[in-house]
Every structure is written in structure tokens, then in C-alpha cells.
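Student: Please take a close look with me at the charged side chains that pair up here. I would like to follow them one at a time, with a little background first.

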Amino acid sequence: MTDAAATRNPRATRGPVQRSERALAPDLARGAMLLLIALANSAGVFFVSAPGIEPEPHGLERGYNLFMFTFVHARALPMFAFMFGYGLVLLALRQEAAGATPGAVRTVLLRRNAWLAAFGLVHGILLLSGDILGAYGIVGIVFTLLLLRRGDRFHRLVLWIWGATTAYMVGLAAVAVWGIANGTGERATIPTREFDVGWASMEAPTYAASVVARLGEWPAHTLYASGVIFVVWLGAWAARRRILEEPARHRRLLWCTATGGLGIAVAGGLPMGLFSAGVLEVDVSTAGWIKLLYEVSGSFGGVGYVALFGLLALALSRMRSAPASNPVIGALVALGQRSLSGYLFQSFAWLALVSPWALNLGARADSPTFTAAWCAVGVWLATVAGAALMQRYALQGPAEVLLRRLTYGRRRATTAPAARRQPSGR
């Protein structure tokens, strides 16, 4: 980023992104991937653990456990972390294009991320301590202060970090495979509380007791989730190259990232999935290694999902009719534009559906696994329908409206520079 624009109007800052400025890929990805967030969190609240799994699976439950560890657990949240970093840079670029000084840009970003952290605090204590907003807000502040104004050469360091992570994961895979083939220690049981952070409050007998429990759970979960900073940084690197705005120019990179990232995620999650399905038996030591392998490979899956949606957006953009004219695509995009509200609505739903003092479906279900899955799909479909209805009446998500008001104040959004179309920096 340069300071040339700042000389035109050093006090200028602009408001939030306009609908005409939004790119298809980020919003489509957010809307669709909220389903995976719902699946992961519903499993967590139903089994009061993270990752939530049936410890004694039977029949189709085995396949579902395998699916969750291969495609969902530890794979959906990194995708949102990538998009968060992408949005940070796009927000800064929009402000700079409006003529804001580096100091003014930094102020806007710090204000937005501080309020996002505050949203996370309220969300984590009142609704769901397995919150990610607080961690994103903290990471956003750190990124703004330490990394935002760095040059391209510095930002290329993140590629070396990811290269080192790949080598580390190859080493993990080798150790895990050796343990599977040669392990002779005590047989491990399927874990149900690997982290034991952020979920025990769902067993509280009253809402007041659950709030007290979340006061202790939220800080620990936020500290753990703050490890996504390197995924956020990679998203920022991608934004500086406009990869999702110009997918045709980056088609080969997107293909390599989608196939490589998702391939690594599947391969890395497969041993843990087979173990959780009761198909693979390992000793206690090896169980720890395959758990670590599944966690590390999840970040590659998140990035792979982003690339996959970039390719999908490219394919849709080549259709004769506008992609948003398709009711399904349009509804998913509408939810993506209101992803913060959709995410918070899910937490309201889990509180009502699972808490012992509410509907308590977890205790009543014959199969918690599939009850959790159906609830996740139902809650996500409700947010899709709600977002489509709001789009029809030109209504923004309430959480987005509040965050933007706190970030930008009451002034109206200015018209963005027309030179280049920018995706959502929110």
C-alpha cells in the first residue's frame, strides 16, 4: 500500500463497502461454509466436547464421524480466518483509495477489531463460549499494529511459514503411520473431550449458571483460537494480490490450492476419522499423533475451501445469466453478506435446543449424532431463508449494522473509487 492517495485528502475516511462493490467468491464462501460451522458447533454442544463425536458409534454413525474429521472439524474455522485476513487488507485499501492517511486507516481498523473483540466477549459469555469473534478481534488488532503496513517482501515470509508447516506435517504423518503400523502400547479409546474448553457450560442446569461457567471458558477458548494468526496472514497476502477479485488471472493458483489444500486436509484427517469411527485401533501415543496431524492439516483444508469457492465463483461468472439470479446462489450470497448475524443466530439456536433448562434435545435424542446433524442443517437453512428474505427487502443483518455503526459512526458511506471493484472488507 502506498501513501499517494493520502496527499489528496489527509482527513478523509469512507464508510462500509457498498453492495455494488462486493465480489461473488467471498460472500458465496461465507454463506455456504456457515453450514460446516453449524455442523461442528452442533456436535460440540450435543456432546459437550470439542470436537464433538459419538464415543461408541454404530452403523451410519461411523461414517458420520469419519466425514466430520475429514471435512468439517478444524477445517471450517480456518476458512473464515483466511477470509478475515483478506477482508482486513481490503478494508484498508478502500480507506486508502478514499484518501485516508495511514494513521486514519489504522484507527478505523483498530476501532473495528476492538468492537469485534467486544462482540466476542458478549457472545462468548452470554451465548457460546466456543466463540471465534473475540480471537479474530484480537488477531486483527495485532495484525493492524505489526503487519499491515509491511511491504510485499516481508509478507512473503508467510509463504515460508506455510512451507515449514507442510514439512512439519509430513513429519507428523510419518510418525503417525509408523505408530499405526508398529504401536504396541495401551489401546486408546475414542476421545470425547480432547480440549475440554468452551462446552461444559452447556450442561449447566440454569441460564445463570451457564453464564458463570462461560466466564471461565471463554478466555481459554479465545487464547486457543488466536493461533489462527498465520491463516489470517495468508489471507492478507492473497488480498494484496487480488486473488479472489480476479480469479481468472489466478486460475492455476486456485486449482493447485484447492486440490492440494483439500487433499492434505483429507489425508491428514483420515486417520483420526477412521479412529473415531471405530475402524482403526491405535495405542495412546499414536492417538495423540493422529490428533495433532488432523488439527494441523485442518488449516490447509480451510485455505483449500476458499480456493474451491474462488473457482466456483469464476465458473458462475461465466454463465450467461447473473449468478445472483439463481435463487440458491442468491440466498447463499445473501447469507454471506450477513454472515456475522447468521453466526450469532446459530448460537441462540444451540442455547434453546440443547440447554438442560430449555428443550434439552441432547438428552432426549436416541441418536445425538444425527439429531445434532439435522439440527445443524435446519438452523443453517433457517439463516439462509432469513437472509434471502432480508435481501428481498434490502435489509442488512442486525449484527452487521451495529458493527458498522460502531466502526464508522452515523455518517453515510461514501462512494468507493470506481477504478477497481473490491470484495467485501466489511
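**Salt bridges in a predicted model**

Tutor: Happy to! Let's start with the background: the UniProt record, an unreviewed entry, lists residues 32-53, 74-94, 114-147, 159-181, 223-240, 252-280, 300-319 and 371-395 under "transmembrane region". Keep in mind that what you see is a predicted model. Two of these spans give you a feel for the fold. Residues 159-181 are 100% helix and 0% strand, and the C-alpha atoms at their two ends lie 33 Å apart. Residues 371-395 are 88% helix, again with 0% strand, and here the end C-alpha atoms are 32 Å apart.

Now to your charged side chains. Side chains of opposite charge can pair when their charged atoms come close. Searching the whole structure turns up seven salt bridges, and we can visit some of them.

Begin in helix H1, which covers residues 24-47 and holds both Arg 30 and Asp 27. These two residues are three apart, about one turn of the helix. They form a salt bridge, with 3.3 Å between the closest N and O atoms. Neither partner sits out in the open, as Arg 30 and Asp 27 are both buried.

Next, move along to Arg 242, a residue with two partners to look at. One is Glu 245, whose salt bridge with Arg 242 brings the closest N and O atoms to 2.8 Å. The other is Glu 246, and that salt bridge to Arg 242 spans 3.4 Å from N to O. Step back a little and you find a network of salt bridges linking Arg 242, Glu 245, Glu 246 and Arg 249.

How covered are these residues? Buried means under 20% relative accessible area, so Arg 242 counts as buried at 7%. Glu 245 is buried too, because its value is 16%. Glu 246 has 24%, so this residue is partly exposed.

One last kind of link is worth checking while we are here. A disulfide is a covalent bond between the sulfur atoms of two cysteines. This structure holds zero disulfides. You can still find cysteines to compare: Cys 256 has a relative accessible area of 49%, so it is partly exposed, whereas Cys 375 is buried at 13%.

To retrace the route in the viewer, go from Arg 30 and its salt bridge with Asp 27 to the network that includes Arg 242 and Arg 249.

Definitions and conventions: Residues numbered from 1 in each chain as written. Predicted model: local features only at pLDDT ≥ 70, side-chain atom pairs only at ≥ 80, totals over all residues. Heavy atoms only, no water. Disulfide = S-S within 2.5 Å. Buried < 20%, exposed > 50% of the residue type's maximum accessible area, 1.4 Å probe, protein only. Salt bridge = Lys/Arg side-chain N within 4 Å of Asp/Glu carboxyl O. Helix = DSSP H or I, 4+ residues; strand = E, 2+ residues; numbered from the N terminus. UniProt positions renumbered as here; feature names shortened; annotations may be inferred.
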